[in-house]
Amino acid sequence: MRSDTVKKGIQQAPHRSLFNALGLTEEELDRPLIGVVSSYNEIVPGHMNLDKITEAVKLGVAMAGGTPIMVPAIAVCDGIAMGHIGMKYSLVTRDLIADSTEAMAMAFSTLEISAAMGEIVASPTAGSSGILPAILYSLKKREGFSDEKMVDAMLTAIGIGKIIGYYGSFAGAEGGCQAETGSGAAMGAAAACFLYDQSPEVCFHAASFAFLHVLGLVCDPIAGLVEYPCTFRNASGVVNAFISADMAMAGITSIVPFDEVCKAAGEVGSTLPEALRETGIGGIAGTETGRKIRKKFFALGNDSTKENK
């Protein structure tokens, strides 16, 4: 089954420990993992009961032999949106929900392959490798852009990356997660704008927004492994890029130029304490649960070493 990529084998021991931390049992992990997308919230009257429907769907998935996992989606109330500018955003949210859900799933799958020691393209890093391909592939699938157009979009992303690398770093060990997923989102936002025939200025604005949204984001992987919370930050990085591109294409501009944003990101990254720069010590990695998983993982590694001897 597809989800075996992150569940089966010796190398997936840390993956299973993270699933265990979520409360999943061995029996549940033996089944296919099935995502259940829900837009339950407390502002849309028609969605107030979706938590109950979600639970019913999860029950159905479980009865059919799968293990359901709920993931969220946005929602807009047409009634509350009527009579003001909010109505302009009501219909477009349908496409946004579908596209962002699909793109987030793509980002998740890429990081799963990376965490499982599979082959990926570090774009710009292994820890952020799900963002750019998810953006490009989902847009190509939706709009039918030519391969030549996609190549030029990737060149646009590379150009943004060159500027980021000149003023800072892509490494979480040097600049925190902002340096990894922030860079990936900035590159993806600019590439998305290019695909819609926007000017270089618009591309730069989009890249600036994407970086601003995560400025100061720390790198705190549990047990030092590029998986948790990295997969979630790749998924949110995709949404960040799309939102940033939408704002830039709507005519919103960044007061601070992109090169200065990159400089600021580099400076912020250098001031982060070592515990929050990919050491697996602080942040989420430093929580009680995070430390337990780290201890369990390294114990498994020691047992494996003894067996090999």
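**Reading contacts, helix packing and backbone features**

Mentor: In this predicted model, Ala-73 touches Val-37, Ser-38, Ser-39, Ile-97 and Thr-101, once residues up to four places away in sequence are set aside.

Trainee: Where does Ala-73 lie?

Mentor: Ala-73 belongs to the loop between β2 (67-72) and α4 (78-81). Ile-97 illustrates how a contact can join residues separated in sequence: Ala-73 and Ile-97 are 24 residues apart along the chain, and their C-alpha atoms are separated by 6.4 Å.

Trainee: Is Ala-73 buried or exposed?

Mentor: A residue counts as buried when its relative accessible area is under 20%. Ala-73 has a value of 18%, so this loop residue is buried.

Trainee: May we take a residue in a helix next? Which helix holds Ser-208, and what does Ser-208 contact beyond its neighbours within four places in sequence?

Mentor: Ser-208 is placed in helix α10, which covers residues 200-212. Its contacts, with those neighbours left aside, are Ser-254, Val-256, Pro-257, Phe-258 and Val-261. The relative accessible area of Ser-208 is 1%, so Ser-208 is buried.

Trainee: Which residues of helix α1 are buried?

Mentor: Helix α1 spans residues 13-21, and its buried residues are Ala-13, Pro-14, His-15, Ser-17, Leu-18 and Phe-19. Gly-23 follows α1 and has a positive phi, near 100 degrees.

Trainee: How should the packing of two helices be read?

Mentor: Two packed helices are described by the distance between their axes and by the angle between those axes. Here, consider helix α6 (residues 131-143) and helix α11 (residues 230-249): their axes come within 9 Å and cross at roughly 50 degrees.

Trainee: What orientation do α6 and α11 have to each other?

Mentor: Angles under 35 degrees count as roughly parallel and those from 65 to 115 as roughly perpendicular. The crossing angle of roughly 50 degrees belongs to neither class, and α6 and α11 are therefore oblique to each other. The crossing of α6 past α11 is right-handed.

Trainee: Which residues make the contact between α6 and α11?

Mentor: From α6 the contact draws on Ile-131, Ala-134, Ile-135, Ser-138 and Leu-139, and from α11 on Arg-233, Asn-234, Gly-237, Val-238, Ala-241 and Phe-242. Sorted by class, the residues in this contact are seven nonpolar, three polar and one charged.

Trainee: How many aromatic pairs does a search of the whole structure find?

Mentor: The search finds five aromatic pairs. One of them is formed by Phe-145 and Tyr-196: the ring centres are 5.7 Å apart and the planes stand at 85 degrees, so the pair is edge-to-face. Planes over 60 degrees apart receive that description.

Trainee: What parts of the chain does the pair of Phe-145 and Tyr-196 tie together?

Mentor: Phe-145 is in the loop between α6 and α7 (147-167), whereas Tyr-196 is in the loop between α9 (177-195) and α10, so the pair ties together parts that are 51 residues apart in sequence. Phe-145 is buried, at a relative accessible area of 14%, while Tyr-196 is partly exposed, at 26%.

Trainee: How are the rings of Tyr-166 and Tyr-167 arranged?

Mentor: Tyr-166 and Tyr-167 also form an edge-to-face pair, with 4.9 Å from centre to centre and 90 degrees between the planes. Tyr-166 is exposed, with a relative accessible area of 66%, and Tyr-167 is partly exposed, with 29%.

Trainee: Let us turn to the backbone. Where are cis peptide bonds found?

Mentor: One cis peptide bond joins Ser-123 and Pro-124, with omega about 5 degrees. Pro-124 is in the loop between α5 (92-115) and α6. Another cis bond runs from Tyr-228 to Pro-229, with omega near 10 degrees; Pro-229 is in the loop between α10 and α11.

Trainee: What is the phi of Ala-223, and what is that of Glu-278?

Mentor: Ala-223 has a positive phi near 60 degrees, although it is a residue other than glycine. Ala-223 lies in the loop between α10 and α11 and, at 8% relative accessibility, counts as buried. Glu-278, likewise not a glycine, has a positive phi of about 65 degrees. Glu-278 lies in the loop between α12 (258-271) and α13 (288-308) and counts as partly exposed, at 28% relative accessibility.

Methods: Residues are numbered from 1 along each chain as its sequence is written. This is a predicted model: local features need pLDDT of at least 70, side-chain atom pairs count only at pLDDT 80 or more; totals for chains, interfaces and linings use all residues. Side-chain values use heavy atoms; hydrogens and water are left out. Helices (H or I, at least four residues) and strands (E, at least two) are DSSP runs, numbered from the N terminus. Buried means under 20% relative accessible area, exposed over 50%, partly exposed in between (1.4 Å probe, protein chains only). Contact means heavy atoms within 4.5 Å. Axes are lines fitted to C-alpha atoms, for helices over the stretch in contact, and angles run from 0 to 180 degrees between N-to-C directions. Angles under 35 degrees count as roughly parallel, over 145 as roughly antiparallel, 65 to 115 as roughly perpendicular and the rest as oblique. A crossing is left-handed if the near helix is turned anticlockwise from the far one by less than a right angle, and right-handed if clockwise. Ala, Val, Leu, Ile, Met, Phe, Trp, Tyr, Cys and Pro count as nonpolar, Asp, Glu, Lys and Arg as charged, and the others, Gly among them, as polar. Rings of Phe, Tyr and Trp (its six-membered ring) pair if their centres lie within 6.5 Å; planes under 30 degrees apart count as stacked, over 60 as edge-to-face and the rest as tilted.
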